Amino acid sequence: MRGVNRVMLIGNLGKDPDIQFLEGNIAVAKFPLATTETFKDRTGKLISQTEWHTVVLWRGLAELAQKYLHKGSLVYIEGRLRTRSWEDKEGNRKFATEVVGDNLIMLDKRADGPHGVNHSGDHPEGFNSDVPPVSDSSSENMAF
């Protein structure tokens, strides 16, 4: 039996997409995405829990993100999980799990535009600052 690796997220960008162009003019965008779940605890108190996800988009989706997305944008992302590993300067093995998106739907209202969205709120300080940029070699593993 084959496995299934699918992720569906609806959330807000924690910062503007960071776009790079790799060899061959291949665009790759990376940004943090916050998803917040709200539930009531045993006492009836409303609790909000935010999770941060690293999203990576390739080629046309990366260029779309660069053009239309900004900090605070509400998006639907569908893709798969990918875990990378590398060694830092001290020789320690590091890992990063990312959502490689293959479907993106912008959920902001058209009237909001880039200046109409509230950019305040929680965001990850130094989000994944120790994670190296995505390399060109990872694009070889992409199905598209």
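## A tour from strand to strand

Start by selecting strand β1 (residues 7–13) and strand β3 (residues 26–40): the two run antiparallel and are joined by two bridges. Strands count as paired here if DSSP finds at least two bridges between them. The elements themselves are DSSP runs, with helices being H or I of at least four residues and strands E of at least two, numbered from the N terminus. Before going on, note that this is a predicted model, where local features need pLDDT of at least 70, side-chain atom pairs count only at pLDDT 80 or more, and totals for chains, interfaces and linings use all residues. Residues are numbered from 1 along each chain as its sequence is written, and side-chain values use heavy atoms, leaving out hydrogens and water.

**Zoom out**

Show the protein chain as a cartoon and you'll find two helices and six strands, in the order β-β-β-β-α-β-β-α along the sequence.

**Next, the β3 neighbours**

Back on β1, pick L13; its bridge partner in β3 is L33. Then add strand β2 (residues 18–22), which is antiparallel to β3 with five bridges. L22 stands opposite I26 in β3. The β2–β3 hairpin has three residues between the strands, and G24 there takes a positive phi near 90 degrees.

Now bring in strand β4 (residues 46–58), which pairs with β3 in the antiparallel sense over 13 bridges. Click T38 and its bridge partner in β4, S48. Five residues sit between β3 and β4 in their hairpin, and G44 in the turn has a positive phi of about 90 degrees.

**Go inside**

Select F31, L33, V55, L57, L69, V75 and I77: of the 17 residues in the largest nonpolar core, these touch the most other members. A nonpolar core is a set of buried Ala, Val, Leu, Ile, Met, Phe, Trp, Tyr and Cys residues joined through side-chain atoms within 4.5 Å. Buried means under 20% relative accessible area, exposed over 50%, and partly exposed in between (1.4 Å probe, protein chains only). β3 gives the most to this core, with four residues. Apart from it lies another core of six residues, including I26, V28, V56 and V100.

Stay on L33 and look for contacts, that is, heavy atoms within 4.5 Å. Leaving aside neighbours within four places in sequence, L33 touches L9, G11, N12, L13, E51, W52, H53, V55, V75 and I77.

**Now the charges**

What does R82 form a salt bridge with? Its partner is E98, with the closest N and O atoms 2.7 Å apart. The rule is a side-chain nitrogen of Lys or Arg within 4 Å of a carboxyl oxygen of Asp or Glu, and by it the count comes to five. R84 also forms a salt bridge with E98, at 2.9 Å between the closest N and O atoms. R84 is in strand β5 and E98 in strand β6, 14 residues apart. Both R84 and E98 are buried. Add K30 to the selection: salt bridges that share partners join K30, R82, R84 and E98 into one network.

Then move to R6 and D102, a salt bridge with its closest N and O atoms 3.0 Å apart. R6 lies in the segment before β1 and D102 in strand β6, so this pair ties together parts 96 residues apart in sequence. R6 counts as partly exposed, at 43% relative accessibility, and D102 is partly exposed too, at 37%.
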